[in-house]
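Open the model in your viewer and keep the selection tool at hand. We will go from stop to stop, picking a few residues each time.

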Amino acid sequence: MHPRNIYLQTPDFRQLATSYPPLQDFLQPHSNLVDFQDEEAQRCITEALLYRDFNLKVQLPKNRLCPPVPNRLNYILWIQDIVRACQVVTGEQPVTGVDIGTGASAIYPLLGCRLNPCWNFVVTELDELSAKYAQKNVKANNLSDRIQIVMASVPGPILIPLSDTSQTFDFTMCNPPFYSSAEDVAQSLEAKEFGPNAVCTGAAVEMFTEGGESAFVQRIVKESVAFGTRCTWYTSMFGKLSSVGEVVDTLKANCIDNYAVTEFVQGQTRRWAVGWSFTDIRLPDTASRISNPNAFIQRYLPPHNTIRQPAKTSNKVVEDALLAIRGVSVESCSSHFLVNASGDTWSRTARRKQRRRMEAEVENSLPEMILTCSITISGEYVEFQWVRGRNRSLFESFCSHVSRKIASSR
Ligand code: SAH
C-alpha cells in the first residue's frame, strides 16, 4: 500500500455503516464484516467509502466493474507523487490528467479532483452505459467543469485527448481491460494472478481487449512516441506481472530510458504500474522503483535516480564542496540544496579538457549536459536526487565527485 493510503488498516464496516446507513443491510450479525462474495455488498462498500472519506456521491450500475477504493487510491497517490516531482521543475500550476477507460464510476477523476483542487481531467470511455453513468457521477459531484468525458471507438486511437494540439497534459493513466479472452481469464485464475474477488461484475468490454492488457498498453506506448512531450508522464496499471516485462521491453525498444515501475498491494491482490516520459524530468526511486522486488521484476526496474551515500557531514562542508565546482548554481535551505549545472565541469575528462583549453568543445555539447540535482543531508547519509537531465553518467559522476569532496574534508 502507498504510505499515504488511508486504508492501511481494513475499515471497520460497522462504523462505516453509521456514516452510510444503506450498508447496514449487508453487515453480518455480531461481526464487523460483510459478505465479500456478494456483489451488491461490494458496490455498497465502494459507495460508502467514497461517501464517508471523500465526500463523493457515486452510483454504480449492477453489470459493471465495482472498483475497490483502496487500490484505486494507491494509483492516484502514485500519480500525485509523479506530479509533485514534476512540480519541483515546473512550479505549481493547474494540472491536467487523462484517464483512459474511466468506467461507470469515473473513480480516478473523481478521487483525483477531490484530493487535488488544481487537477482537471479529460477522460475516455468506449462503453455507452459506463459513459452515461460516469457523466451522472461527475455531475452529482459538481465536477462537470473539471472532468470532461470523450467517447472512444474501436478501431481508433486510444490517447484521443492528446490530439487536441491546443493543450498539454501532465499525465495519462489507465486501468486497461486485463484479458484477451475467457481462456485467458481461466489461465490467470489458475496461476492465481488475481485475488479471489477480482473477477466479479465486469462486463465483456471492461475485461477483454484484443491481445489483453499488454497489447493495449503497447499500443499506448506506440501512440505516445508520436505525442512525445505533449504529455509529461504516460502511465498504466497491470493485472499480470508478465505484461510489465513486455511493456518495459517495448519502452526499451523505443529508446525510452526514463521510466518507472511500481506495485500496488492490497490484501492478497497485487497490481503493477509502469510510467514513462519523453521529458528530462526524473522521478525519485520511491516513485520509480519497487523497494523489495522479486527476482522477476528486479530485471525490469529502471536504474536508481536516488543515490544515498553513508556520510556524517555538515551543511557547511557540503555547501563548500558545491560552491567549489565551477559553473554550477546552488540554492540552499538548511540541510537541503538544489544544484543546477549547465555542463560538466567536475569530471576528470572535463577538467583535462579545460586544462587543454578545449572549453569550446564542452560548450558545444551543452543541450545534453543539463543537470538538476537535489541534495539532502541527514545525520547518517547524504542523499542525491536526480531531478532533471538526460545524461545519467553526468548525474552519477556529479554524485561521486561531491561524495569524494565531502569524504576528503573529514
Ligand atoms: N477505470 C475504471 C474502469 C476500468 S475497466 C476502474 O479502474 O475501475 C476498463 C475500462 O476501459 C472499461 O470501462 C472499458 O469500457 C474501457 N475501454 C476498453 N477499451 C477502451 C478504449 N479503446 N478506449 C477507452 N476505453 C476503453
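Select glycine 101 and the ligand. A backbone N or O atom of glycine 101 sits 2.8 Å from a nitrogen atom of the ligand. That fits a polar contact, a pair of N or O atoms within 3.5 Å; within protein, one must be able to donate a hydrogen and the other to accept it, and residues adjacent in sequence count only if both atoms are side-chain atoms.

This is a predicted model: local features need pLDDT of at least 70, side-chain atom pairs count only at pLDDT 80 or more, and totals for chains, interfaces and linings use all residues. Residues are numbered from 1 along each chain as its sequence is written, and side-chain values use heavy atoms, with hydrogens and water left out.

Next, add arginine 72. One of its polar side-chain atoms is 2.8 Å from an oxygen atom of the ligand. Now add asparagine 175. Here too, a polar side-chain atom lies 2.8 Å from an oxygen atom of the ligand. How much of the ligand's accessible area does the protein cover? The protein covers 97% of the 570 Å² that the ligand has on its own (Shrake-Rupley method, 1.4 Å probe; for residues, only the protein chains shown count as cover).

Widen the selection around the ligand. You should find 17 residues surrounding the ligand, each with a heavy atom within 4 Å of it. Among the closest are Thr102 and Glu125.

Zoom out and colour two ranges. Domain 1 is 13-298 and domain 2 is 306-408; such bounds come from an automatic or database domain assignment. Their centres, taken over C-alpha atoms, are 38 Å apart.

Move to the place where the domains meet. Eleven residues of domain 1 contact eight of domain 2 (heavy atoms within 4.5 Å). About 880 Å² is buried between the domains, and carbon and sulfur atoms give 43% of that. Buried area is the accessible area (1.4 Å probe) that two parts lose on being put together, summed over both. Select Val89, Asp280 and Arg282: in domain 1 they lose the most area to domain 2, together 61% of what that side buries.

Last stop: aspartate 280 and arginine 388. Their side chains form a salt bridge, 3.1 Å from N to O (a side-chain nitrogen of Lys or Arg within 4 Å of a carboxyl oxygen of Asp or Glu). The count between domain 1 and domain 2 is one salt bridge.
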